[in-house]
Amino acid sequence: MVHQSFLSVGIIPLDWKSAIIVPIFKKGVSSDPSNYCPVSLRSVFSKLMERCIVIDMFSYLLSRNLITKPQRGFLERKSTTTNLLESFNDWSVNIEGRTSQTIAYIDFAKAFDSVRHSKLLYKLSQYGICGPLLT
């Protein structure tokens, strides 16, 4: 496979790294730039390679129990909606049992936009992802 040969040497063609960034309107006032989400239009080859890497990394992380059970949003049958439903059930049980509870939800909007790559690479290396894939 073409992707594996590039990964084996840790080099990706420059064309696969470039993208056309298109602003997509989310909501609110259209004249406010913060109401737009940047979307990258990338090469089909880079998307395929990314998908292969995601599948392999996800399998690797699951096999080593590095993804915790409470994680939501990207796990099969564990969406943010199921998280809210489970939370609602827990709250209902506590209310019926007259048990006090503290609830804190944090919105990590734009969290991935602010990740420091050096810390991400360090964390991946700590999880055992190394060599050309990490490169």
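L41 lies in strand 2, and in this predicted model the residue counts as partly exposed because its relative accessibility is 45%. L41 also has company at the surface: together with I20, I24 and V39, L41 forms a nonpolar patch. The accessible area of these residues together is about 340 Å². Two elements, strand 1 (19-25) and strand 2 (36-42), each give two or more residues to the nonpolar patch.

Let us move on to the loops, where backbone angles are worth a look. Most residues other than glycine have a negative phi. With that in mind, take N65, which sits in the loop between helix 3 (44-63) and helix 4. The phi of N65 is near 55°, a positive value in a residue other than glycine. Is N65 buried or exposed? N65 counts as exposed, because its relative accessibility is 67%, and the cut-off for that class is over 50%.

Further along the chain comes R98, in the loop between helix 4 and helix 5. R98 is not a glycine either, yet its phi is positive, at about 55°. With a relative accessible area of 81%, R98 is exposed.

The loop between helix 4 (80-96) and helix 5 (117-126) also holds I103. I103 counts as partly exposed, because its relative accessibility is 43%, and that class covers values between the 20% and 50% cut-offs. How far apart in space are I103 and L48, C-alpha to C-alpha? They are 40 Å apart in space, with their positions 55 residues apart in sequence.

Conventions:
Residues numbered from 1 in each chain as written. Predicted model: local features only at pLDDT ≥ 70, side-chain atom pairs only at ≥ 80, totals over all residues. Heavy atoms only, no water. Helix = DSSP H or I, 4+ residues; strand = E, 2+ residues; numbered from the N terminus. Buried < 20%, exposed > 50% of the residue type's maximum accessible area, 1.4 Å probe, protein only. Patch = residues over 30% accessible without salt bridge, like charges linked within 9 Å, V, L, I, M, F, W, Y side chains within 5 Å. Areas by Shrake-Rupley, 256 points an atom, 1.4 Å probe, with all protein chains shown as cover. Salt bridge = Lys/Arg side-chain N within 4 Å of Asp/Glu carboxyl O.
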